[in-house]
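Me: I am new to reading protein models and would like some help. Could we go through one together, feature by feature?

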Amino acid sequence: MPDFNYNIVKNIGSLSESQKGWKKELNLISWNEKEAKYDIREWSPDGSKMGKGVTLSKEEIIALKELLMSFDIE
């Protein structure tokens, strides 16, 4: 697996927490010193490990916000 680095520019908030303490968070992250993007994934209690996640550009997070605001959750 290739090396990569990341910097959490801003922790926006936690969406949930598992019984083992892993938190699903929304963060603004710079991957490999590139422009920061919005990122949703799980993090271990000490922040040293991460799960699989999804990374979104500013345009995509705006579209997601609009989509979530446009429908009723059952």
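Me: Let me begin with charge. How many positive and how many negative side chains does the chain have, and how far apart do the centres of the two sets lie?

Reply: A good place to begin. The chain carries 11 positive and 13 negative side chains. The centres of these two sets are 3 Å apart. Please keep in mind throughout that this is a predicted model.

Me: Since it is predicted, what average pLDDT does the chain have?

Reply: The general idea comes first: where pLDDT is low, the predicted coordinates should not be read in detail. Here the chain has an average pLDDT of 95, and 99% of the residues reach at least 70. Among the elements, strand E3, residues 37-43, has the highest mean, 98. Helix H1, residues 58-69, has the lowest, 96.

Me: Which pattern do the helix and strands follow along the sequence?

Reply: Reading along the sequence gives β-β-β-β-α. That comes to four strands and one helix. As for the space they occupy, the C-alpha atoms fill a box of roughly 40 × 35 × 20 Å along the principal axes.

Me: How do strands E1 and E2 pair?

Reply: Strand E1, residues 6-17, pairs with E2 in the antiparallel sense, over nine bridges. One pair to look for is glutamate 17 with its bridge partner in E2, lysine 23. The two strands form a hairpin with five residues between them. In that turn, glycine 21 has a positive phi of about 95°.

Me: Which residues other than glycine have a positive phi in the loop between E2 and E3?

Reply: The general idea is that most residues other than glycine have a negative phi. In this loop you can look at asparagine 32 and glutamate 33. Asparagine 32 has a positive phi of about 55°, while phi of glutamate 33 is near 60°. Asparagine 32 counts as partly exposed because its relative accessibility is 38%. Glutamate 33, at 71%, is exposed.

Me: What share of the residues counts as buried?

Reply: Of the 74 residues, 22% count as buried. The chain exposes about 6100 Å², and carbon and sulfur atoms supply 53% of that area.

Me: Is tryptophan 31 buried or exposed?

Reply: The cut-off for buried is under 20% relative accessible area. Tryptophan 31 has 18%, so it is buried. You will find tryptophan 31 in strand E2, residues 23-31. In a regular strand the side chains alternate between the two faces of the sheet.

Me: Which residues is tryptophan 31 in contact with, leaving aside neighbours within four places in sequence?

Reply: The contacts of tryptophan 31 are Phe4, Asn5, Tyr6, Asp39, Arg41, Met50 and Thr55. For the chain, take the contacts with a separation of 6 or more: residues 24 or more positions apart account for 21% of them. You can also set distance in sequence beside distance in space. Tryptophan 31 and isoleucine 61 are 30 residues apart along the chain, and their C-alpha atoms are separated by 17 Å.

Me: And what about the helix: is glutamate 59 buried or exposed?

Reply: Exposed means over 50% relative accessible area. Glutamate 59 has 57%, so it is exposed. This glutamate is found in helix H1. Glutamate 59 and lysine 37 are 22 residues apart in sequence, with 10.0 Å between their C-alpha atoms.

How values were computed
Residues numbered from 1 in each chain as written. Predicted model: local features only at pLDDT ≥ 70, side-chain atom pairs only at ≥ 80, totals over all residues. Heavy atoms only, no water. Buried < 20%, exposed > 50% of the residue type's maximum accessible area, 1.4 Å probe, protein only. Contact = heavy atoms within 4.5 Å. Areas by Shrake-Rupley, 256 points an atom, 1.4 Å probe, with all protein chains shown as cover. Lys, Arg positive; Asp, Glu negative; His and termini not counted. Charge placed at Lys NZ, Arg CZ, Asp CG, Glu CD. pLDDT = per-residue confidence, 0-100. Pairing = 2+ DSSP bridges.
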